[in-house]
Amino acid sequence: MVQFCFSAMVRAGIVMAAGAVMAAGAVMAAGAAQSQQREPDPHKVDVAQMVACKYDVPTYNDYAMALGASGEGAAALGLTRIEDTPNPFMHEYQLAAPIDVLGWRTQRVALASGALLAVLDQVKPQDVAQRLGIEEALRDDDFKYMAMRVAHHMQEKVGSSTLNTVISHEVSTVITHPGQVLVGCSYRINTY
């Protein structure tokens, strides 16, 4: 059986396309220029704020590193690793207390390829995207829903390279999680 998710390759393509569009001078969505917070201590990160794209990429990276490759740091961050989940491309965690995500509550989050995503039950992905101000999905069919909106974009020249930072709101469904919607934030820095 082939499993599909919001894979690193798909996400990288989306991020590169978003960077190219903005570099060409396209108008960004409302709210895309919001400033990002830096929290150097992963134990002080507010998960709801991380899901809402309020932090910078170094904060996300520090948080993911504190969790550890197998979730060994989860307890120190107030999370419990959920074992035996159906999607090998995501690590899922139970939160100690529920968080509010766009008016819905959840106690479950997933770490997947540079993103922290809340797992929402029994909601329509189109409704979630609408609350984020996403007017058009990248994919919306019976098999998969996928949408994104850039929250922060910055290009910085470093020597002969350019650092392209893109932080984006994401909404998706995956076949391994029927009846659930993944919504959260992707944190990326690419070089070219």
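E135 lies in the loop between α4 (125-131) and β5. In this predicted model, E135 is exposed, with a relative accessible area of 84%. Its C-alpha atom is separated by 9.0 Å from that of A147, and the two residues are 12 apart along the chain. Helix α4, on the other side of that loop, brings in another contact: the charged end of R131 sits over the ring of W104, 3.9 Å from the ring centre.

Follow the chain on from E135 into the strands. β5 and strand β6 (residues 145-158) form an antiparallel pair over 2 bridges. In this pairing R139 stands opposite M146 in β6. The two strands make a hairpin, with 4 residues between them.

Next comes the pairing of β6 with β7. Here the strands run antiparallel, and 12 bridges join them. M154 has T165 as its bridge partner in β7. These strands also form a hairpin, with 2 residues between them. G159, in this hairpin, takes a positive phi near 65°.

Now step back to the sheet. In what order do its 8 strands lie? The order is β1-β2-β3-β4-β8-β7-β6-β5. The sheet is open, and the pairing is antiparallel. Its edge strands are β1 (79-82) and β5 (139-140), each of which pairs on one side only.

Elsewhere in the sheet, β2 and β3 are partners. Strand β2 covers residues 91-101 and strand β3 residues 104-112. They pair in the antiparallel sense over 7 bridges. D100 has R105 as its bridge partner in β3.

Strand β4 supplies a buried residue. L117 has its place in β4. With a relative accessible area of 1%, L117 is buried. L117 is 65 residues from A52 in sequence, and their C-alpha atoms are 9.2 Å apart in space.

Beyond β4 the picture changes. Q122 lies in the loop between β4 and α4. Is Q122 buried or exposed? At 68% relative accessibility, Q122 counts as exposed. Its backbone deserves a look too. Most residues other than glycine have a negative phi. Q122 is not a glycine, yet its phi is positive, at about 50°.

A helix lies across the sheet strands. Helix α3 (residues 57-67) lies across β1, β2, β3, β4 (115-121), β7 (161-172) and β8 (180-191). The helix runs at about 115° to β8.

What links α3 to β8 through aromatic side chains? The structure holds 1 aromatic pair. The ring centres of Y60 and Y187 are 5.1 Å apart and the planes are at 10°, so the pair is stacked. Planes under 30 degrees apart count as stacked. Y60 lies in helix α3 and Y187 in strand β8, so the pair ties together parts that are 127 residues apart in sequence. Both tyrosines sit below the 20% cut-off for buried residues. Y60 counts as buried at 5% relative accessibility, and Y187 does so at 3%.

Strand β8 also takes part in a covalent link. The count comes to 1 disulfide. Which cysteines does the disulfide join? C53 is joined to C185, with an S to S distance of 2.1 Å. The angle about the S-S bond is 120°, and the link is right-handed. C53 lies in the loop between α2 (47-51) and α3, while C185 lies in strand β8, so the pair ties together parts that are 132 residues apart in sequence. Both cysteines are buried.

C53 merits a second look. At 0% relative accessibility, C53 counts as buried. Phi of C53 is near 65°, a positive value in a residue other than glycine.

Put the pieces around β8 together. Helix α3 lies across this strand, among others. Y187 of β8 pairs with Y60 of α3. C185 of β8 is joined to C53, in the loop between α2 and α3.

Notes. Residues are numbered from 1 along each chain as its sequence is written. This is a predicted model: local features need pLDDT of at least 70, side-chain atom pairs count only at pLDDT 80 or more; totals for chains, interfaces and linings use all residues. Side-chain values use heavy atoms; hydrogens and water are left out. Two strands pair if DSSP finds at least two bridges between them. Contact means heavy atoms within 4.5 Å. Axes are lines fitted to C-alpha atoms, for helices over the stretch in contact, and angles run from 0 to 180 degrees between N-to-C directions. Rings of Phe, Tyr and Trp (its six-membered ring) pair if their centres lie within 6.5 Å; planes under 30 degrees apart count as stacked, over 60 as edge-to-face and the rest as tilted. Buried means under 20% relative accessible area, exposed over 50%, partly exposed in between (1.4 Å probe, protein chains only). A charge sits over a ring if NZ of Lys or CZ of Arg is within 6 Å of the ring centre and within 35 degrees of the ring normal. A disulfide is a pair of cysteine sulfur atoms within 2.5 Å.
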